[in-house]
Amino acid sequence: MANKINKPGLNDDVYAPMLSPWRAKAKISLVFFIILFFLWYSSRTTGVDFGDLIMGFTNMGQIIDKLFPINMDVLGPAFDRLIETIHMAIIASTFSTIIVIPVSLLAANNITQNWFIYNATRLIMNILRTIPDVVLAVIFVGIFGTGPIGGIVALFIFSLGILAKLISETVEAIDMQPIEAMRASGANTIQSIAYGVMPQVAPQFTSFALYVFEINIRASVVIGLVGAGGIGQLLMSQFSFNNYGAVMTIILVIFVVVVIIEYISTKIREAII
Amino acid sequence: MIEFNDVSLVYPNGHQGLKDVNVTIEDGEFVVIVGLSGAGKSTFIRSINRLVTPTAGELKVGGDNILDYKSKGLRDLRTKVGMIFQSYNLVKRNSVFRNVLAGRLGHTGTLRSVFNLFSKDDKALAYESLKRVNIDDKIYSRADQLSGGQQQRVSIARVLTQKPDYILADEPVASLDPPTSHQVMKYLRKVNKEDNITTIVNLHFIDMAMEYADRIIGMRSGEVVFDGPVSEVSEATFEEIYGRSIREDDLRGGAKDGEQDQ
């Protein structure tokens, strides 16, 4: 019997197969129309209008006008607050990097055999990760008052959630054979972790710690807007005084420093992995 | 002395790993366990350091029934019993020296080992062990830069650093080529003779078993079907153990008596 796939081609001069079978084509088209529908429906319910976007551009011109000339008087305080931001990021990153070591081991199923502890740790970390950094900042500024302490605690919890996820997955992917050998030679759990697990995850661990530091620098600017200290707080106050020249200076300072830090951090991470 | 008295092991999935095993191994013996894969060789060996736990019978190592051991007793037992694995089980990113020092973990306090505070004697012992298997020139190389045979020699050095009374080797040459296989077996044999360490090796190559063993134990579906000195073993013995005729791939071949060091 002739092959079914070839059959339609038998009557044509040249048989060229379809790029994908019609079923796949129909599926892709369907998905496309569903997305198009949601796009239309969402813009209808939120009242988004393309006209508004164009109107917005003219407003943008006004704002840009106000941003110049830049106000250099704020440069000194901006650097002071920026250093505070960096300090906040360093403290939060360091503490979360230390605390994440036991947490990520408890959240790795090859190390933690106890079903309850493993799942409980994972659940807590997953819940932490669902809370956006700004919301954490609002909560802890409420608890500790305006200033860097609330910001540091917010950043610490925020980065702990990210690190626990990344590092526990790294731990789960390690080669377990050396650990078996250590257990077989009478090493206890802590020794097996120090000699078998740590050397295997060290490069990724360092890389993730730097990555979280980068994220914390950017996040600490944002959470400053809700009063959690650092340069974000300065940016917000200048904004509320309509001091646009100063706002521009602060934005430029943030931009330069974030780019420099990310560049250095990326280079270090490339060198490690 | 290692004594198996009516030892049986049934895995949680119902598979019978060991069935009424009765074996006594004297101190200083070099025993090779042969059998097809799945015959229970691994289970036999791993029962001795309790990487698996038999479900019935009595298993004595140095006079004590090890089946009762809990965490501390178990760790003490394991410091006395060294193990060599088919895939070497080194930490690939660590240096050879660090891997060999890991053999001292069972003898070192947790805090000291976590902060790398090994005694001078421990480090000297680790270096001596590397010298005994002729790989001291690779001391600071990373483990993953070594060939398979070299890695297996490092793992022998690691076991020597442990100063064990017994060495268990679970298919130590299965991942190696014939000349390297013979080299590794020669080192195991040498250590057994020089230090009088009781050595139990799993092999499925019958020519290697004949060449290196004092005594051969044959296993089939969890049971000991042969146990005797090498002098009593013939091809017919292996055919009985394997339950089929001997084939080409049951032999390792290669350097029979060659001086294949390095």
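User: How do I read the length of helix H8 of chain A against what a straight helix would reach?

Analyst: Take the expected span, which is 1.5 Å times one less than the number of residues. Helices here are DSSP runs (H or I, at least four residues), strands too (E, at least two), numbered from the N terminus. H8(A), residues 189–224, has 36 residues, yet its end C-alpha atoms are only 42 Å apart, short of the 52 Å of a straight helix. Bear in mind that this is a predicted model, where local features need pLDDT of at least 70, side-chain atom pairs count only at pLDDT 80 or more, and totals for chains, interfaces and linings use all residues. Residues are numbered from 1 along each chain as its sequence is written, and chains are lettered from A in the order in which they are written.

User: Where does H8(A) bend?

Analyst: A bend is the angle between axes fitted to the seven residues ending at a residue and the seven starting there. H8(A) bends by about 55° at Ala202(A), with a proline, Pro203(A), following within four residues.

User: What does Ile272(A) touch?

Analyst: Contact means C-beta atoms, placed from the backbone, within 7 Å. Leaving out residues up to four places away in sequence, Ile272(A) touches Pro203(A), Thr206(A) and Ser207(A). Ile272(A) itself sits in helix H10 (residues 244–272) of chain A.

User: And is Ile272(A) buried or exposed?

Analyst: Count other C-beta atoms within 10 Å: 20 or more is buried, 12 or fewer exposed, in between partly exposed. Ile272(A) has 13, so partly exposed.

Notes. Two residues are in contact if their C-beta atoms, placed from the backbone, lie within 7 Å.
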